[in-house]
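Please look over the sequence and the model below before reading on. The report that follows takes up charged side chains, a helix and a few backbone angles in turn.

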Amino acid sequence: MLDIDDSPIVRDGNVLILAMDHGLEHGPVDFADVPEKLDPSTVFETATHDAVTCIAVQKGVAEGYYPSYEDDVNLLVKLNGTSNLWMGEPDSAVNCSVEYAAEIGADAVGFTLYGGSNHEVEMAEEFREVQEAAREHDLPVVMWSYPRGQGLKNDTKPGTISYASRLALELGADVAKVKYPGSREAMAHAVRCAGDMKVVMSGGSKTTDREFVSTVEGVMDAGGHGLAVGRNVWQREDPTRILDALEGVIYRGETTDAALE
Ligand code: FBP
């Protein structure tokens, strides 16, 4: 684990990653209610908000759109990812190398590891290469630590999520992005299991402003370091309002009520 507090993807010790790799992971269906967001520029615009410490996209989107935003947005290149058309045991193709991510301007790299999948061993070996190459380029590594697979039907049980955060620490990630385990106590345990490594919550499908912001407040109270979020921001008609509230909760320690005022 690196000390990443001086990295551009960290603000006052915390992180807000705006994820937009859904066109690959879920398909265009995620944009059905917000068709204007099919244009990646619209989400890059959202990422210029001060609350956002970086945007997480796949290589193709980074190549096409980041050059127009490089002065205003920090870039996290997601190195692996798989479409929803894939029906096998959870796995993820490595679509970009660390070297190429660095070449196109990445400030950090991201990698999904499906602990518990029948493909865990090969994914962990791929992660080893990524993590060691990232060290050579001084790039923080964010692990999407998502236990899932044949033996793991419910991937948000407290014991599963604390295992996910610990696994990321053990394998050398700098930030673990985990699903919310259902309570502040369970989140606090997941954070403790990760030692000094930063643990952030994965956004999930769209909920109400209050529900979402109060969950994030709980994550911060539990010692978490922020959030990696997609749909709960860019599927909203007014992403600025929710980002203003998240800025209050994540960086200023505001309550949900104060942040949503
Ligand atoms: P959301 O906040 O929209 O859930 O996005 C976070 C994220 O990790 C994305 O980076 C990714 O595309 C998606 O969730 C994967 O979600 P899942 O594999 O759980 O369907």
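## A salt bridge between distant parts

In this predicted model, the side chains of E247 and R11 come together in a salt bridge, with 2.8 Å from N to O. The two partners belong to distant parts of the chain, since E247 is in helix α10 and R11 is in the segment before β1, 236 residues apart. E247 is buried because its relative accessible area is 12%, which is under the 20% cut-off for that class. R11, by contrast in class, counts as partly exposed because its relative accessibility is 23%, a value that falls between the limits of 20% and 50%.

What does R11 touch, not counting residues up to four places away in sequence? Its contacts are D50, A51, T53, E247 and Y251, so that the salt-bridge partner E247 appears in this list as well. The segment that holds R11 comes before β1, which spans residues 15–19. As for distances across the model, the C-alpha atoms of R11 and P158 are separated by 28 Å, and these two residues are 147 apart along the chain.

## Other salt bridges

Side chains of opposite charge can pair when their charged atoms come close. By the rule used here, the count of salt bridges comes to 11.

One of the pairs is D257 with R210, whose closest N and O atoms are 2.7 Å apart. This pair, too, links distant parts of the chain, with D257 in helix α11 (residues 256–260) and R210 in helix α8, 47 residues apart. R210 is partly exposed, because its relative accessible area is 43%. Another pair is formed by E254 and R252, whose side chains meet in a salt bridge at 3.0 Å from N to O. E254 counts as partly exposed because its relative accessibility is 24%, and R252 is placed in that class at 49%. In addition, D209, R236 and R241 are linked in a network of salt bridges.

## A negative patch on the surface

Which residues gather in a patch of negative charge on the surface? The patch is made up of E36, E237, D238 and D244. Of these, D244 lies in helix α10, which covers residues 239–251, and D244 counts as partly exposed because its relative accessibility is 39%.

## The buried side of helix α7

Helix α7 covers residues 184–193, and within this helix A186, M187, A188, A190, V191 and C193 are buried. The cover over these buried residues includes the helices α6 (158–171) and α8 (209–221), together with the strands β8 (175–178) and β9 (198–202). After α7 comes G195, which has a positive phi near 60°.

## Positive phi outside glycine

Most residues other than glycine have a negative phi. D12 has a positive phi, near 50°, and is not a glycine. D12 is found in the segment before β1, and it counts as exposed because its relative accessibility is 63%, which is over the 50% cut-off.

D138 is also a residue other than glycine with a positive phi, here of about 60°. The place of D138 is the loop between α5 (120–136) and β7 (141–145), and D138 counts as exposed because its relative accessibility is 58%.

Key:
Residues are numbered from 1 along each chain as its sequence is written. This is a predicted model: local features need pLDDT of at least 70, side-chain atom pairs count only at pLDDT 80 or more; totals for chains, interfaces and linings use all residues. Side-chain values use heavy atoms; hydrogens and water are left out. Patches are made of residues with over 30% relative accessible area and no salt bridge: like charges are joined within 9 Å, nonpolar side chains (Val, Leu, Ile, Met, Phe, Trp, Tyr) within 5 Å. Accessible areas come from the Shrake-Rupley method with a 1.4 Å probe; for residues, only the protein chains shown count as cover. A salt bridge is a side-chain nitrogen of Lys or Arg within 4 Å of a carboxyl oxygen of Asp or Glu. Lys and Arg count as positive and Asp and Glu as negative; His and the chain ends are not counted. The place of a charge is taken as NZ of Lys, CZ of Arg, CG of Asp or CD of Glu. Helices (H or I, at least four residues) and strands (E, at least two) are DSSP runs, numbered from the N terminus. Buried means under 20% relative accessible area, exposed over 50%, partly exposed in between (1.4 Å probe, protein chains only). Contact means heavy atoms within 4.5 Å.
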